[in-house]
Structures are given as C-alpha cells and as structure tokens.
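Got a few minutes and a structure viewer open? Work through the exercises below, and try each one yourself before reading on.

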Amino acid sequence: MKAIAYTQHGLTLEDPRSLDLVDLPKPTPGPRDLLVAVRAVAVNPVDTKVRAFFATDGARVLGWDAVGTVEQVGSDVTLFKKGDTVYYAGSLLRPGNHAEYSLVDERIAGHKPASLSDAQAAALPLTSLTAWELLFDRLGLTEDGGAGKNLLIVGAAGGVGSILVQLARQLTKLTVIGTASRAETRQWVRELGAHHVIDHAKPVAGQLQQLGVGPAHYIASLTHTDAHYLQLVEALAPQGHFALIDDPATLDALPLKRKSASLHWELMFTRSIFETEDMQRQHDILERVAALVDSSVVKTTMGEHYGTINAENVRRAHAMLESGKARGKIVLEGF
C-alpha cells in the first residue's frame, strides 16, 4: 500500500527523507481492530513533533486523523461492521493514518458525521477528543455548568481551540474568551462563538479587566505556554484551574501555589497508550460530536484543503503548522 512516511527524524522539509512516498505491507487487524481504507486525513502539530524528535529504524507513517471505510473487522469487534464510514485519531503506539489503509481499535473510533464530507470530517477527531477531554475530564466542567464563570482559551484559532470554543459556548454556560493575534484569526474565533476575543501578544490581565469579566476562572493554554505562562498565572482567579496541551521545555508549578490553583495536562493519546478501563469513552465522545455536528450545534473546523494525500502536500502542511499561522485544520483527501 502507498503511505507517506519519514525515514530520518530531525530533517528539514527540503530533505525527501523527512516525508516521502513509500510502499508498505497492508496491515492485518487484531481482535478489536478495524481495517480502514483511508479516504481523507488531517495534519496536526503532533505530526511535526514526532517527525522532528522521534528516531525511527524504518519508515514511520504519521497522521493522527482519518476518515475511511471499514474493509475488515477483527473477531471481537461489536461497535462497527464492514462498510461503515468511520472517523478517528488512532494511537501514538501504532503507525499513523497517512496511508491507503490503517488499523484502529474500535474503542477509539466513531461513525463519521453524516452531514459532512470526508475532508470536513477528517478535521475533527483529534481536536474534538482533546477539547472534550480538556473541558469535561480535566477541568471537571459539566454540560450546562459554569454559570457566572469564564474560560480563557489561549490560541483559540488553532485546531483544538476552534472546537473548544464551540463546545464551551454550546454545551456550557461559561463566558468564553478566546485569544488571537491577527485580524483574520480574531474574526474566525468570533464566528465560532467566543463572547470576547483578546490579543495574547498584549498583557492578558489588563485586557480581561477592560472587558469587565474579572480574572479567568479556567484557562486552557493551547500553544506557546512557556511564552505566556507568568502573565496567564497573573490573569488566573484564586482557586482557578489552569490546563495546557503543548510541550513547554519546563513548567514551574510554584507560581500557582499562591492562588491555590490546580494544574491539568491533557493528552488525548493517554487512553489508547495505556488501554485504560475507560478507553471506550473516546468512541462515545466521537459519537456525541457526530450527533452535535449533524444537528448543526457544532461545525467542522476545516481551515484549508491541501489537495491529494502525497508527500509534497503533506510537507506543505507541516510547513504551515510550523509557521504558527494555520487557522483551523489542514486536510488532504485521496491518494
């Protein structure tokens, strides 16, 4: 089967070994696996990080977002059948989805939203799981909860931010404040439903005061946490909750002590890495997100369609993500 893979980590995108077309054996499903014929994929920051920092002995396939058709099911599969159209993010412990075929455990896959195209649906799995887990599992919020409190989302125009803004606005009573630094991204965040949009390149606490919303009860820092950390702690309410998803070189929790603030780290791959008892919650989340999309409560966060799934287009997508200028999700479709 065709696949896009890297054979040497840490290379610039100009080097073909950074991402190239390879031919690999078609995988065979295990007992709870789906063998999926991939039709559309998305690119995420985790793809660029794995390519940059994780050594490989052979060709490593990236890509943790996919939509496709179930071609074969494992002996113990109960949630899907052959011919179903599914969407999923997969596991870091397995090859990615930038290939003609991929395997996914049924417990972390969902039925594709019927109202979306393949490309539109491919934008959703990883970011929806991350945003949902951050909001409800890590920060401990409940649906219809949060009245009288606010959530500050740093990097609200990115992939995770784009769905987190929608979930927080549509499913909770929080006042949602997003950050974005460019005119086009500020408009994007407003269209997604944020009550307010501020600029994370300027002092955050002062902007919150100007809005009259007070300090942030909940903060979701989605990008460049190390650059904004101290001013975000300043903007956090006493006994507030601080969550992040990115990878600062270091993180000193001591500044949070004075405010008795809690620290939460979200990685949507944790359930699949450790095969936790509640691993199937990711299937349930994806099914719920599909229902929200099909009832027009949540919309796709597809930002740009980069064409067919080939090495050149995947490299171009990696370059855009590394530039920090991406809006929403970058998707590719067909081999």
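Four exercises follow, each with its solution, and keep in mind that this is a predicted model.

**Exercise 1.** Work out whether the buried residues of helix 6 line one face, and find what covers them.

*Solution.* Start by picking out the buried residues of helix 6: Val-204, Ala-205, Gln-207 and Leu-208. Now look down the axis of helix 6: these buried residues fall within an arc of 165 degrees, so they line one face of the helix. That fits a general rule: an α-helix has 3.6 residues a turn, so residues three or four places apart point the same way. Next, check the other side of helix 6, where Gln-209 and Gln-210 are exposed. As for the cover over the buried residues, it includes strand 9, strand 10, strand 11, strand 12 and helix 7. Finally, step just past the end of helix 6, and you'll meet Gly-212 with a positive phi of about 80 degrees.

**Exercise 2.** Turn to helix 7 (residues 225–235) and list its buried residues, then their packing partners.

*Solution.* The buried set in helix 7 is Thr-225, His-228, Tyr-229, Gln-231, Leu-232, Val-233 and Ala-235. They pack against strand 9 (150–154), helix 6 (204–211), strand 12 (216–221) and strand 13 (236–244).

**Exercise 3.** Describe how helix 4 and helix 5 pack, from geometry down to residues.

*Solution.* Geometry comes first: helix 4 (residues 159–171) and helix 5 (residues 183–192) pack at an angle of about 30 degrees, and their axes are 9 Å apart. The crossing of helix 4 with helix 5 is right-handed. Down at residue level, helix 4 brings Ser-162, Val-165 and Gln-166, and these meet Trp-188, Val-189 and Leu-192 of helix 5. Sort the residues of this contact by type and you get four nonpolar, two polar and no charged.

**Exercise 4.** Decide whether Asp-105 and Phe-136 are buried or exposed, and find what each one touches.

*Solution.* Take Asp-105 first; you'll find it in strand 7 (residues 101–105). Its relative accessibility is 9%, and buried means under 20%, so Asp-105 counts as buried. The Asp-105 side chain makes a polar contact with the side chain of Arg-107, at 2.8 Å. Skip neighbours within four places in sequence, and Asp-105 is in contact with Arg-32, Asp-33, Arg-94 and Met-279.

Now for Phe-136, which sits in helix 3 (residues 125–138). With a relative accessible area of 11%, Phe-136 is buried too. Not counting residues up to four places away in sequence, Phe-136 touches Leu-141, Thr-142, Glu-143, Leu-171, Thr-172 and Arg-281. One last distance to try: the C-alpha atoms of Phe-136 and Ala-168 are separated by 9.7 Å, with the two residues 32 apart along the chain.

How values were computed:
Residues are numbered from 1 along each chain as its sequence is written. This is a predicted model: local features need pLDDT of at least 70, side-chain atom pairs count only at pLDDT 80 or more; totals for chains, interfaces and linings use all residues. Side-chain values use heavy atoms; hydrogens and water are left out. Buried means under 20% relative accessible area, exposed over 50%, partly exposed in between (1.4 Å probe, protein chains only). Helices (H or I, at least four residues) and strands (E, at least two) are DSSP runs, numbered from the N terminus. Contact means heavy atoms within 4.5 Å. A polar contact is a pair of N or O atoms within 3.5 Å; within protein, one must be able to donate a hydrogen and the other to accept it, and residues adjacent in sequence count only if both atoms are side-chain atoms. The arc is that of the directions from the helix axis to the C-beta atoms. Axes are lines fitted to C-alpha atoms, for helices over the stretch in contact, and angles run from 0 to 180 degrees between N-to-C directions. A crossing is left-handed if the near helix is turned anticlockwise from the far one by less than a right angle, and right-handed if clockwise. Ala, Val, Leu, Ile, Met, Phe, Trp, Tyr, Cys and Pro count as nonpolar, Asp, Glu, Lys and Arg as charged, and the others, Gly among them, as polar.
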